[in-house]
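Here are my notes on this model, point by point. Please keep the structure open while you read.

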Amino acid sequence: MSAEDLRRRRTNVRANVRTVPGPCAHWNNEDADFIREVLDLVGDKWSVLIIGTLADRPIRYSDLADAIPGISQRMLTLTLKHLQRTGLVTRTSYPEVPPRVEYALTELGTSLLSTVLALAAWSADHHAEIRRHQTAYDNVTRSRTSASDVAEVVND
């Protein structure tokens with residue numbers, strides 16, 4: 001699916017949603033659609049990690065791959081292309097043997113850096129608390145599911 005097709009599918013998604021007061025209420029549909037599109041990109045876990053990794057200096061592709069545990073070559077390539085398209089990252093290719101390609105944050109990407117680093121810091125600061133909540137929720141959900149499974153077996 002092309003970017004244009006995806007954009008068309010996302011356009012005016014609030015038209016069928018009931019109006020509710022909140023932080024998004026003052027944006028028109030076009031702005032809300034664009035904000036959602038940008039948040040989809042910059043809120044993606046790989047984008048956050050790439051932007052954070054590029055904080056200090058330009059980095060070669062292979063060094064980026066090594067610095068971000070768990071990212072596949074395909075996801076790194078796709079995410080870098082999306083970040084380039086949005087103007088957050090530049091790609092510089094050097095005519096050397098072997099070829100060398102470096103990625104760096106643009107001025108726009110650097111302006112997002114403090115937000116990304118704050119989000120990462122918040123995640124680290126609240127890691128244990130979030131895990132406790134997840135475990136508690138999973139335990140409650142699992143016990144409810146088990147009880148309903150037992151009820152189904154008994155009723156069959």
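1. Strand 1 and strand 3 run antiparallel and pair over two bridges. Look for R60, which stands opposite E102 in strand 3. Bear in mind throughout that this is a predicted model.

2. Strand 2 also pairs with strand 3. Six bridges join strand 2 to strand 3, again in the antiparallel sense. Here R91 stands opposite Y103 in strand 3. A hairpin makes the connection from strand 2 to strand 3, and five residues form the link.

3. Put the pairings together. The three strands give an open sheet, ordered 1-3-2, with antiparallel pairing. Which strands are at the edge? They are strand 1 (59-60) and strand 2 (89-94), each of which pairs on one side only. As a general reminder, strands of a sheet pair through backbone hydrogen bonds, in either a parallel or an antiparallel way.

4. Now the chain as a whole. The protein chain has seven helices and three strands. Along the sequence the pattern reads α-α-α-β-α-α-β-β-α-α. Of the 156 residues in the protein chain, 21% are buried.

5. How many aromatic pairs does the structure hold? It holds one. The partners are Y61 and Y103, with ring centres 6.4 Å apart and ring planes at 55°. Stacked would need planes under 30 degrees apart, and edge-to-face over 60. At 55°, the Y61 and Y103 pair therefore counts as tilted.

6. The same pair links distant parts of the chain. Y61 belongs to helix 4 (residues 61-67), while Y103 belongs to strand 3 (residues 100-105). The two are 42 residues apart. Are these tyrosines, Y61 and Y103, buried or exposed? Y61 is buried, and Y103 is buried too. Recall that Y103 is also the residue that R91 stands opposite.

7. Check R100 as well. R100 lies over the face of Y94, at 3.8 Å from the ring centre. Strand 2 (89-94) is the edge strand that ends at Y94, and R100 opens strand 3 (residues 100-105).

8. Last, the surface. Which residues make the nonpolar surface patch? L119, W122 and I130 do, and the patch covers about 280 Å². I130 sits in helix 7 (residues 127-155). Why can I130 belong to such a patch? Patch residues need over 30% relative accessible area. I130 has 31%, so I130 counts as partly exposed.

Note on methods:
Residues are numbered from 1 along each chain as its sequence is written. This is a predicted model: local features need pLDDT of at least 70, side-chain atom pairs count only at pLDDT 80 or more; totals for chains, interfaces and linings use all residues. Side-chain values use heavy atoms; hydrogens and water are left out. Rings of Phe, Tyr and Trp (its six-membered ring) pair if their centres lie within 6.5 Å; planes under 30 degrees apart count as stacked, over 60 as edge-to-face and the rest as tilted. Helices (H or I, at least four residues) and strands (E, at least two) are DSSP runs, numbered from the N terminus. Buried means under 20% relative accessible area, exposed over 50%, partly exposed in between (1.4 Å probe, protein chains only). A charge sits over a ring if NZ of Lys or CZ of Arg is within 6 Å of the ring centre and within 35 degrees of the ring normal. Patches are made of residues with over 30% relative accessible area and no salt bridge: like charges are joined within 9 Å, nonpolar side chains (Val, Leu, Ile, Met, Phe, Trp, Tyr) within 5 Å. Accessible areas come from the Shrake-Rupley method with a 1.4 Å probe; for residues, only the protein chains shown count as cover. A salt bridge is a side-chain nitrogen of Lys or Arg within 4 Å of a carboxyl oxygen of Asp or Glu. Two strands pair if DSSP finds at least two bridges between them.
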